[in-house]
Amino acid sequence: MAEAHRRWVRVSHWTIVASFLTLVVTGILILMVHPRLYWGEVGNDLVPAFLEIPVSNNHQPDGWVPTTTFSEVPGSPISADRTYFIFNENGWGRSLHFLAAWFLVVTGLVYVLTGLIGGHARRNLIPGVRDLSPGKLAQDAREHLRPKGELQAGPPYGAVQKVLYGGVVFVALPLMLLTGLTMSPAVTAAAPTLLDIFGGYQSARTIHFFGFSALVLFLVVHIAMVFVTGARRQLRAMILGK
Amino acid sequence: MSEKRIHRRTFLKGAASSAGLILAGCSEYDPPTYGNILRMADNLTYKTHRLLLPDQALAREYDYSDISASPAIGTTNPADPEKSIYSEVQGPIYEQHLRNEFEDWRITVEGSVMQPRSFSLAELRSLPSRTQITRHTCEEGWSAIAQWTGVPLHHVLAAVGLKPSARYVQYRAYDDWADCIDMFDALHPQTILAYGMNGRDLPISHGAPLRLRVERQLGYKSMKFLRSIVVLDEFDDGGEYGNIQNGWSWYVGI
């Protein structure tokens, strides 16, 4: 009997699981240090936020000395000194985030290249035109929500699965990589186009957050479906291949 | 049992350092990792950036109208003994400088240079200056755009004459914080010793009288309240006063 998941798929899957979970935890840790999101290039405690996430009390409007201006001219830029201690574990949080990112990027590249060359991506990840018809997607979604007994583990995948897996591999994760790189001052000095594409450093950070939210939502649905369709068999298939 | 533990620890150390050698290449000039896998990953990022981004491209510069509000964090006055980061030795010296408005303030530039010397503010101002409107990006996640005026570090290094063996530029501040950058960043046209901000003298909370600007790295490389510069042949970020031993990445181009 053919393997439910081939070995290179299983090894990449679990390497990516470890990297992804590390990225999620450290990403939340990094967000907690400054849980405010903005649009454009600039965003800090002295300007209004586009969105505030209630994950830490690091934003304290009264934790600053009164603002001063740089000149008497109206509209002069302002400054203020922070007077309180903030929660900040970025010393290891950021470095662990990038260590995990290295594992994800290297594994992801090997996975995508192998998948594109060997046909795995075309067969199982990239939805065909027929997969994308609303009727087909709705029917497939209904079948997933009310499975008749345990479903077979591994490919062939239904239309919804292809859209989700293909979307994660070819849209969401590359977007996370690019918005992540847009937050790097060394990278954007060499490739300022990234700042134009995403509308600035803070916009890239905000898109990175929404990408994170979408990926975590995918993870929740993915794990739920593993349980709905038989966790024992699904895990066996992804660990042992049978 | 304890013997086994030691063995295991030795093994892990050996494994970790050999992994580090593979990760970071193996040069005696590299930033130390102290066997910490996170610092090995930092070095991997550093080396990859230096390999893939070899040009002295300029960080984006903005228009005057883009200048924004600028928070001041970390040390906002080295003379304030109430602050968590305060130097018993340097704090009172800084207070003296505050009192006579940096009249006698001088910064020493020494180490692997032909003619070590010190510079007063007036002497730094008499060197060619550069004004740039750039984005300050903090590791915390916030950003601000400000206009900085100062002397490019390469002019100062040319004035003292670099020895051929020079590889790093170390700098120390009045709150005792220390750090260093490699020559690639030190000689970058936008790496300046800034004495002006948004058209006026550098305010105290932003690092008066002189701070560094390293535009291709995050904010904490742009040290405030500079008091000395030492050109080095080998890596030394100040040890216990530097970032690595305090649990932070030395390279923050990311």
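Begin by selecting chain B of this predicted model, where, among contacts between residues at least 6 apart in sequence, 64% join residues at least 24 apart. With secondary structure displayed, chain B shows six helices and eleven strands, and if its 254 residues are coloured by burial, 46% of them count as buried.

Next, keep chain B selected and add chain A, so that the contact between the two chains comes into view: 44 residues of chain B are in contact with 39 residues of chain A. On the side of chain B that touches chain A, at least two residues each come from α2 (37-52), β1, β4 (130-137) and β5 (143-152) of chain B. Which of these elements should be picked out as giving the most to that side? The element to highlight is α2(B), which gives seven residues. Recolouring the side of chain B that touches chain A by residue class then separates 20 nonpolar residues from 15 polar and nine charged ones.

From there, select residues 70-72 of chain B, which form β1(B), together with β3(A) and β4(A), and an open sheet of three strands appears in the order β3(A)-β4(A)-β1(B), with mixed pairing. Because β3 (68-69) of chain A and β1 (70-72) of chain B each have a single partner strand, they stand at the edges of this sheet, and one side of each is left without a neighbour in it.

The two pairings can be followed in turn. Strand β4 of chain A covers residues 78-81 and runs antiparallel to β3(A), to which two bridges join it; zooming in on Thr68(A) shows Ser79(A), in β4(A), standing opposite. Moving across to the other chain, β4(A) pairs with β1(B) in the parallel sense over three bridges, and here the residue to select is Ala80(A), whose bridge partner in β1(B) is Pro71(B).

Finally, hide chain B and select two helices of chain A, α1 (residues 7-33) and α2 (residues 90-118), whose axes come within 8 Å and cross at roughly 150°. How do α1(A) and α2(A) run relative to each other, roughly parallel or roughly antiparallel? Since angles over 145 degrees count as roughly antiparallel, the crossing angle makes α1(A) roughly antiparallel to α2(A). Viewed with one helix in front of the other, α1(A) passes α2(A) in a left-handed crossing. Showing side chains along the contact of α1(A) with α2(A) and colouring them by class gives 14 nonpolar residues, twelve polar and one charged.

Definitions and conventions: Residues numbered from 1 in each chain as written. Chains lettered and ligands numbered in written order. Predicted model: local features only at pLDDT ≥ 70, side-chain atom pairs only at ≥ 80, totals over all residues. Helix = DSSP H or I, 4+ residues; strand = E, 2+ residues; numbered from the N terminus. Buried ≥ 20, exposed ≤ 12 C-beta atoms within 10 Å, placed from the backbone. Contact = placed C-beta atoms within 7 Å. Pairing = 2+ DSSP bridges. Nonpolar A, V, L, I, M, F, W, Y, C, P; charged D, E, K, R; others polar. Axes fitted to C-alpha atoms, helices over the stretch in contact; angles between N-to-C directions. Parallel < 35°, antiparallel > 145°, perpendicular 65-115°, else oblique. Left-handed = near helix turned anticlockwise from the far one by under 90°.
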